[in-house]
Amino acid sequence: IIKESKDVIERNTPKFLEVDLTPMDRDNLGMICGGKAKVYIEPIVPREKAIIFGAGHVGIATAQIAKIAGFRVTIVDDRADFAEAAKYAADEVLVCDFEKSIEKLQIDSRSYIVIVTRGHSYDKETLAACLKRNPPYPTYIGMIGSKAKIRKIFDMLEEEGVSKEAIQKVHSPIGLSIKAKTAQEIAVAIVAEMISVKNNDNDRD
């Protein structure tokens, strides 16, 4: 049961099994009653965290859909009025400078970062802070923007010393390609990409 429980935790998949309690020479637990026991093992692990930088229309829509998908959602914005409006959509709202907030957030391998701030400079500062931080690294980093904007930001980051390897891990343009137009459609594309990354990671386990 211990061995199977470890496997359940690693795969994050529940399992039902039948255990023979008949005394055996090997791995004998000293059970004298014999028989069989039916055991259900279910993993209880922390939820993946969606950290969304930007409380605009796309940020709030992404928060709502990410919560439905099972993520624990944090929204970050440096505008108090926007952050107040985002409270209903997230589990946690942080009013703080985007770059400085990264020092306060608990970012680890269960973190999924979405950068959808109100301007190129804020996106660039936020992405740079994420890529320059020490391990553990988030599983997913996505940044919104046109191909031209993204190329410009990536070039600037390389000039600042960020490695190409780190930059290549960024999902940008963000989201799966579904020809999304509205904020809600873009949010669906973003969360779908996050889920794809999460499930592919689990498959590799």
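**Close-up 1. Tyr-122 and its surroundings in the predicted model.** In this predicted model, Tyr-122 has a relative accessible area of 28% and is therefore classed as partly exposed, since that class lies between the 20% limit for buried and the 50% limit for exposed residues. Arg-118 lies over the face of the Tyr-122 ring, at 4.2 Å from the ring centre.

**Close-up 2. The aromatic cluster of Phe-53, Phe-98 and Tyr-122.** The structure holds 4 aromatic pairs. In one of them, the ring centres of Phe-53 and Phe-98 are 6.5 Å apart and the ring planes meet at 65°, so the arrangement is edge-to-face. Because Phe-53 belongs to strand β3 and Phe-98 to helix α4, this pair ties together parts of the chain that are 45 residues apart in sequence. Phe-53 counts as buried, at 0% relative accessibility, and Phe-98 is likewise buried, with a relative accessible area of 3%. Phe-98 also forms an edge-to-face pair with Tyr-122, for which the centre-to-centre distance is 5.9 Å and the angle between the planes is 70°. This second contact links Phe-98 in helix α4 with Tyr-122 in helix α5, distant parts of the chain that are 24 residues apart. Through these ring pairs, Phe-53, Phe-98 and Tyr-122 are joined into a cluster.

**Close-up 3. The largest nonpolar core.** This core comprises 26 residues, of which Phe-53, Leu-127 and Leu-131 touch the most other members. Two or more residues are given to it by each of the strands β3 (49-53), β6 (111-115) and β7 (140-143), and also by each of the helices α4 (98-104), α5 (120-132), α6 (147-159) and α7 (164-168). The greatest contribution comes from α5, which gives 5 residues to this core.

**Close-up 4. The contacts of Leu-131.** When its neighbours within four places in sequence are left aside, Leu-131 is in contact with Ile-141, Leu-157, Val-162, Ala-166, Ile-167 and Val-170. Leu-131 is also one of the residues that touch the most other members of the largest nonpolar core.

**Close-up 5. The second nonpolar core.** Separate from the largest core, a second core is made up of 23 residues, among them Ala-55, Ala-63, Ala-86 and Val-116.

**Close-up 6. Arg-79 over the ring of Phe-82.** The side chain of Arg-79 lies over the face of Phe-82, at 3.6 Å from the ring centre. An arginine is placed over an aromatic face elsewhere in the model too, where Arg-118 lies over Tyr-122 at 4.2 Å from the ring centre.

Note on methods
Residues are numbered from 1 along each chain as its sequence is written. This is a predicted model: local features need pLDDT of at least 70, side-chain atom pairs count only at pLDDT 80 or more; totals for chains, interfaces and linings use all residues. Side-chain values use heavy atoms; hydrogens and water are left out. A nonpolar core is a set of buried Ala, Val, Leu, Ile, Met, Phe, Trp, Tyr and Cys residues joined through side-chain atoms within 4.5 Å. Buried means under 20% relative accessible area, exposed over 50%, partly exposed in between (1.4 Å probe, protein chains only). Helices (H or I, at least four residues) and strands (E, at least two) are DSSP runs, numbered from the N terminus. Contact means heavy atoms within 4.5 Å. Rings of Phe, Tyr and Trp (its six-membered ring) pair if their centres lie within 6.5 Å; planes under 30 degrees apart count as stacked, over 60 as edge-to-face and the rest as tilted. A charge sits over a ring if NZ of Lys or CZ of Arg is within 6 Å of the ring centre and within 35 degrees of the ring normal.
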